[in-house]
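This briefing looks at charged side chains that pair with one another, and at where those pairs sit.

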Amino acid sequence: MGLPQPEHPLISVLDIGCRQEIPDLPGDKLIYNFYGIFLKRNIGNGLGYGRKYYDFSNGVMGFSLPKQVFTLDREMDYSKITGWMLLIHPDFLRKYPVAKKIASYGFFSYHLHEALHLSEKEEKLIDGIMRNIRDEYSQQIDGYSQDVIVSHIELLLNYANRFYNRQFITRSNAEQEPVARFEQLVSQIFSEDQISRIPGVNDLAEQMNVSPHYLSDMLRSLTGMSAQQHIHNQLIEKAKEILLTTNLSINETAYNLGFEYPQYFNRLFKSKTGLTPAAFRKDFVGN
């Protein structure tokens with residue numbers, strides 16, 4: 001797994017394959033301060049990211065944030081792994097809008113089993129972009145080099161977004177099960193007479209063994225709404241039920257729904273319905 005010296009200090013495209021040696025790392029762990037974008041084949045189960053291990057073997061595309069922990073398994077035959085990895089230091093993007101936009105790409109926070117599976121045509125397209133990036137920084141650097149490379153990076157991210165959306169759709173039958181499970185979890189919470197705490201996306205994602213970003217992106221692709229929007233919609237329906245079927249005050253209704261501060265409930269209710277809770281009750285129940 002020994003890596004060659006980089007041609008550019010802030011960005012590198014690394015070929016992966018046919019390297020038997022494993023570097024001597026403390027605890028067999030590796031942390032680097034780069035964004036990582038990879039396409040790997042024949043990974044097996046020997047490479048860990050965070051607390052999980054890869055569970056696929058064919059060509060997949062994945063993404064990692066700076067300062068994440070990678071774990072090596074010395075029992076694995078790494079010579080079978082092929083592909084490439086693009087490493088981008090945050091400083092390389094610093095003066096460009098993509099430096100802020102990159103945080104909006106949820107797939108950098110997906111779990112390992114949520115990797116992107118590319119078709120042969122998609123893989124060739126991504127390979128072409130990677131070659132363009134490597135060719136650009138490998139030749140003589142001029143005043144336009146960084147602009148061109150960053151444009152290729154943005155194109156790569158936009159294609160990844162498109163391909164993930166395609167993956168959500170083409171796997172829609174398989175994905176309907178987690179969608180139904182999510183809706184069931186939320187419904188169960190709001191079926192209680194009193195809710196101690198409004199459910200968070202992170203809590204629900206953990207129960208479903210998916211990453212919060214993947215859950216929201218999947219729901220948005222298949223239903224048109226994020227996880228947070230689903231939660232808020234069911235919360236508002238529960239609020240309407242309480243307002244129309246009980247004599248609880250607005251503040252008591254807010255506390256029963258898990259709000260610590262009633263003004264937050266009032267604000268959310270009005271944003272969703274166009275009416276304050278008091279006005280909604282008055283319209284339907286009267287004085």
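The model is predicted, and Glu122, which is buried at a relative accessible area of 11%, makes a useful starting point for a reader new to it. Glu122 pairs with Arg166 in a salt bridge, one of the 8 salt bridges that the structure holds. Side chains of opposite charge can pair in this way when their charged atoms come close.

**A salt bridge between two helices**
- In the pair formed by Glu122 and Arg166, the closest N and O atoms are 2.6 Å apart.
- Glu122 belongs to helix H3 (residues 120-138) and Arg166 to helix H4 (residues 145-170), so this salt bridge ties together parts that lie 44 residues apart in sequence.
- While Glu122 is buried, its partner Arg166 is partly exposed, with a relative accessible area of 24%.

**Salt bridges within helix H8**
- Glu237 and Lys240 meet through their side chains in a salt bridge with an N to O distance of 3.4 Å, and about one helical turn separates these two residues because they stand 3 residues apart in helix H8 (residues 227-245).
- Glu237 counts as partly exposed at 48% relative accessibility, and Lys240 is likewise partly exposed, with a relative accessible area of 23%.
- Glu241 and Lys238 also form a salt bridge, at 3.8 Å from N to O, and they too are 3 residues apart in helix H8, so that about one helical turn lies between them.
- Glu241 is partly exposed at 43% relative accessibility, whereas Lys238 is buried, its relative accessible area being 8%, which is under the 20% that marks a buried residue.

Methods. Residues are numbered from 1 along each chain as its sequence is written. This is a predicted model: local features need pLDDT of at least 70, side-chain atom pairs count only at pLDDT 80 or more; totals for chains, interfaces and linings use all residues. Side-chain values use heavy atoms; hydrogens and water are left out. A salt bridge is a side-chain nitrogen of Lys or Arg within 4 Å of a carboxyl oxygen of Asp or Glu. Helices (H or I, at least four residues) and strands (E, at least two) are DSSP runs, numbered from the N terminus. Buried means under 20% relative accessible area, exposed over 50%, partly exposed in between (1.4 Å probe, protein chains only).
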